[in-house]
Amino acid sequence: MDIRTICVHGCDKRYDSTGAVAVPIFASATFAHPAVGQSTGFDYSRSQNPTREFLEHTVAELEGGAEAVAFTSGMAAVGALMELFSPGDHIVASNDLYGGTFRLFSHISQKNGIKFSFAGTPQDIETAITPATKAVFLETPTNPMMNVIDIAEVAKITQSKKLLLVVDNTFLTPVFQRPLSLGADIVLHSGTKYLGGHNDTLSGMLVVNDAALSERLRFIVKTTGGGLSPFDSFLIVRGIKTLAIRMERQQESALAIAKWLTGQSKVKKVYYIGLPDHPGYEISSRQASGYGGMISFSVDSEQTAASILENVKIIKYAESLGGVESLITYPMLQTHADLPESERLARGIDGCLLRLSVGLEAADDLIADLKRAMNS
Ligand SMILES: Cc1ncc(COP(=O)(O)O)c(C=O)c1O
């Protein structure tokens, strides 16, 4: 079935006989048992709840996976993922990553004995692998530098060495990129972003194809308690109904804005993977069916950056991305503030870098907003 149709209708699970078109919010912490030793399939909502189950089945179908697990945030999903590993294990991760993921790796997982190396190309990833390596963790495109990596190329390496390949698919979503079909073992989402799509709630997802892995993740969520609430599950299901059309429209506007930015004298560099001169354009065109709605760009000075942030009116100066409202972020002070300065600068995240999440407003209005703010 076409992904646009799955988005609208969700999975084919139904939980009542009323014919309700929208999945009900099962606001129940616990479920009564019909008899001793029997269950309706639901016992206690920390383990599973019908509304969350509907969301999980829907996201699994969208990603072409067998199972998905929904968490209270993207970071809760990354935290649960780390529970798959033990002290002494080693993970190779993208050298450009969402700052919160980097913070979790370096402040929590490392304290728990997991070691990390960072690499940007398949060759460098292969070189970084040691006998203790258990997984490779990729973002593609990366947040915020929009680096692209060939997922299938990395999958060849991880499969030959029997390592798990995890791909954070937050930026492109299954509408444009399906990492499991390219050889990944686990897909991660901050569902707060495009899946939810309305900047009104948080969520996180892990999607897998392997039954044993799925069982381990179910045990972790049941035991550590980070499963998404019924109400938030409903909001994400509702958001997903319009995911495909939002992605298409946000991408169309992002391309127009990226082209406009390229012609501005105060803009020094535009990082949008849909521009043919982006170094990741060719790989993106092969492994994904679209380029998404995220643009990073560097301006000529910190004053220009501040002027844009302080003078945009339609676009909001706020963290997060992927929603219907356009948001502009200052990675240096927001999403990547916890990165040590030297590492931040080495990745190109300086006082001139801005990240724009293009929403659903008219592209011409967004361009006019940026133009006025840039010249204020
Ligand atoms: C690529 C990426 N992964 C994970 C996360 C974490 O998600 P959340 O904010 O839902 O915890 C974010 C948040 O910005 C992100 O951009």
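**The ligand site and selected backbone features**

In this predicted model, the ligand is surrounded by 13 residues, and the closest of them are Gly74, Asp168, Ser190, Thr192 and Lys193. Sorted by class, this shell is made up of 7 polar, 3 nonpolar and 3 charged residues. The ligand occupies the space of the largest pocket.

Several polar contacts help to describe how the ligand is placed. Asp168, one of the closest residues, has a polar side-chain atom 2.7 Å from a nitrogen atom of the ligand. On the oxygen side of the ligand, an N or O atom in the side chain of Asn143 is found at 3.0 Å from an oxygen atom. Met75 takes part through its backbone instead: one of its polar backbone atoms is 2.9 Å from an oxygen atom of the ligand. Taken alone, the ligand has 390 Å² of accessible area, and the protein covers 92% of this.

Asn143 is also worth a second look for its backbone. The peptide bond that leads from Asn143 to Pro144 is cis, with omega near 10°, and Pro144 belongs to the loop between β4 and α6. A further cis peptide bond links Thr140 to Pro141, here with omega at about -5°. Pro141 is likewise placed in the loop between β4 (133-139) and α6 (151-160). On the other side of α6, Lys162 sits in the loop between α6 and β5 (164-168). Lys162 is not a glycine, yet its phi is positive, at about 55°. As background for these cases, most peptide bonds are trans, and most residues other than glycine have a negative phi.

Turning to the aromatic side chains, the structure contains 8 aromatic pairs. One of them is formed by Tyr15 and Phe42, whose ring centres are 6.2 Å apart. The planes of these two rings meet at 65°, and planes over 60 degrees apart count as edge-to-face, so the Tyr15 and Phe42 pair falls in that group. Both Tyr15 and Phe42 lie in the loop between α1 (3-9) and α2 (50-63), and the pair therefore ties together parts that are 27 residues apart in sequence.

Note on methods. Residues are numbered from 1 along each chain as its sequence is written. This is a predicted model: local features need pLDDT of at least 70, side-chain atom pairs count only at pLDDT 80 or more; totals for chains, interfaces and linings use all residues. Side-chain values use heavy atoms; hydrogens and water are left out. A residue is near a molecule or strand if one of its heavy atoms lies within 4 Å of it. A polar contact is a pair of N or O atoms within 3.5 Å; within protein, one must be able to donate a hydrogen and the other to accept it, and residues adjacent in sequence count only if both atoms are side-chain atoms. Accessible areas come from the Shrake-Rupley method with a 1.4 Å probe; for residues, only the protein chains shown count as cover. On a 1 Å grid over the protein atoms alone, a cavity is a set of points where a 1.4 Å probe fits but cannot get out, and a pocket is an open set with protein on both sides within 12 Å along at least five of seven lines; lining residues have an atom within 4 Å of a point. A molecule sits in a cavity or pocket if more than half of its atoms lie within 2 Å of its grid points. Ala, Val, Leu, Ile, Met, Phe, Trp, Tyr, Cys and Pro count as nonpolar, Asp, Glu, Lys and Arg as charged, and the others, Gly among them, as polar. Rings of Phe, Tyr and Trp (its six-membered ring) pair if their centres lie within 6.5 Å; planes under 30 degrees apart count as stacked, over 60 as edge-to-face and the rest as tilted. Helices (H or I, at least four residues) and strands (E, at least two) are DSSP runs, numbered from the N terminus.
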